[in-house]
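Please find below my notes on the model, arranged as numbered points. They begin with strand pairing and then turn to the domains and the database annotation.

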Amino acid sequence: GHGVTAMGRDVAAPADHVPAPGRDVTSLTADPRREADVRVTLTARKQRFRPAAGRLVDGYTLNGTSPGPVIHATAGQLVEVRLVNESVPDGITLHWHGVDVPNAADGVAGVTQDAVGVGGSFTYRFVADRAGTFWYHSHQMSHEQVRRGLLGALVVAPAKGTGAVDGVALLHLYDGVRTVNGREGDVRVEASPGARARVRVINTENGQTPVWVGGAPFRLVAVDGTDLNEPGPVRGTAVMVTAGGRADLEVAMPEDGSPVRVHIGGPTGVVLGSRAYDAPAVPRPAATLDLLSYGAPAPIGFDPDAADRRFVYDIGRRPGFLDGRPGLWWTVNGHMFPDVPMYVVAPGDVVRMRIGNHSGETHPMHLHGHHAVVLSRGGVRATGSPWWVDSLEVGNGEWYDIAFVADNPGIWMDHCHNLPHAAEGLVAHLMYE
Ligand code: C2O
Ligand code: CU
């Protein structure tokens, strides 16, 4: 096979792999003659820019900014994004984190496409089939290119408007400086007294981050682009947002016109208000919302007890050689990258996976192309709203049972979204037979 680069290292491409004919995914790819509803060109450059006050960053931009522009679509629309590489020497791709795109649009360099070299372009086409909060980022040397700026938000609005004020809060670290939407200070969102405001928090950092609200109770209405069922009001409790994950908070603005502060990992974040934006900072609450029991149960649409496949994804660490470099490397079921066997499924399978971690560190695990429902943590069953994830924080010593339906044929990464960990081999793949 030809040498290609994924996650910052050369891996051998499965040169003779021909994807099996699986379930028809034309609903996602859409008729090739169908006119795109949302059409965007993103041009990537190597550039020195100023995301935070007074600080210059050597990095990469999309259309001259980092984060790149927020892409807005409505559920059901066909999105077409043309990615142009003007001057990023290592080549680039775009991955649509949390959108269950057709495999050819997944943007994984070395697996679903080759990286786009300088002077090249690539067009991604997919139907934004569900409303929710997503993001996009380069998936070529991602530990380096995401950190340096090749990322942005993707918001898919429901086909019927909700009437809520809508704000995006993309958390990112530039050279150690914490920013929201590329700024160091507060992001202000206009919301009048009595209004409902939805704040879409996107965590693009390598670690989980707490989010809390001062000045009003809130409801956590969606996680990883999926609405929760009957979420109740939360007060004095923080929400942890997984690395790569998203949390949508809905705040009922106070009738007396006082502003509300949504803290994103620290004193700053989003201030919602109409006249005043001087909402005081409040300390982080000690309690954290447990999604295992939040919201009300509802059918998940399949029976995880009648699983067709049961897999274990057991994360450990041991000394060895990776690309000839000695070190202490991550293992999956005892195997080191790239010798991790693929998880093989057939279209339509109900898949259960037990993710365990005894590696000494925390890992935010991200599955491409699918959403999985959390069944239990440490043997404690989920009792709240179906908790659908594409990014799940698995602490050292923890284990989760998750389940999903294999309904999107292709080869899909299932990796740690602490991106340096992925570059250190915490990567496995799901493949359809
Ligand atoms: Cu957000 Cu494989 O990544
Ligand atoms: Cu990790």
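1. In this predicted model, strand β31 (residues 399-405) pairs with β25 in the antiparallel sense, and seven bridges connect the two. Within this pairing, R354 is the residue that stands opposite D401 of β31.

2. Strand β25, which covers residues 350-357, is also joined to strand β22 (residues 309-322), but here the two strands run parallel, again with seven bridges between them. R309 can serve as a point of reference for this parallel pairing, since its place is opposite V351 in β25.

3. As for the division of the chain, domain 1 takes in residues 3-157, domain 2 residues 165-273 and domain 3 residues 304-432. The C-alpha centres of domain 2 and domain 3 are separated by 28 Å.

4. What is the make-up of the side of domain 2 that touches domain 3? The contact between these domains involves 14 residues of domain 2 and 16 residues of domain 3, and on the domain 2 side the residues comprise eight polar, four nonpolar and two charged.

5. The UniProt record, an unreviewed entry, carries the feature "domain: Plastocyanin-like" at residues 50-159 and at residues 330-431. For the span 330-431, the model gives 50% strand and 5% helix, and the C-alpha atoms at its two ends lie 21 Å apart. I would ask that the annotation be presented as coming from UniProt, and that the domain bounds listed above, including 304-432 for domain 3, be quoted separately from it.

Terms used:
Residues are numbered from 1 along each chain as its sequence is written. Chains are lettered from A and ligands numbered from 1 in the order in which they are written. This is a predicted model: local features need pLDDT of at least 70, side-chain atom pairs count only at pLDDT 80 or more; totals for chains, interfaces and linings use all residues. Domain bounds come from an automatic or database domain assignment. Two residues are in contact if their C-beta atoms, placed from the backbone, lie within 7 Å. Ala, Val, Leu, Ile, Met, Phe, Trp, Tyr, Cys and Pro count as nonpolar, Asp, Glu, Lys and Arg as charged, and the others, Gly among them, as polar. Two strands pair if DSSP finds at least two bridges between them. Helices (H or I, at least four residues) and strands (E, at least two) are DSSP runs, numbered from the N terminus. UniProt positions are given in the numbering used here, feature names are shortened, and annotations may be inferred rather than shown by experiment.
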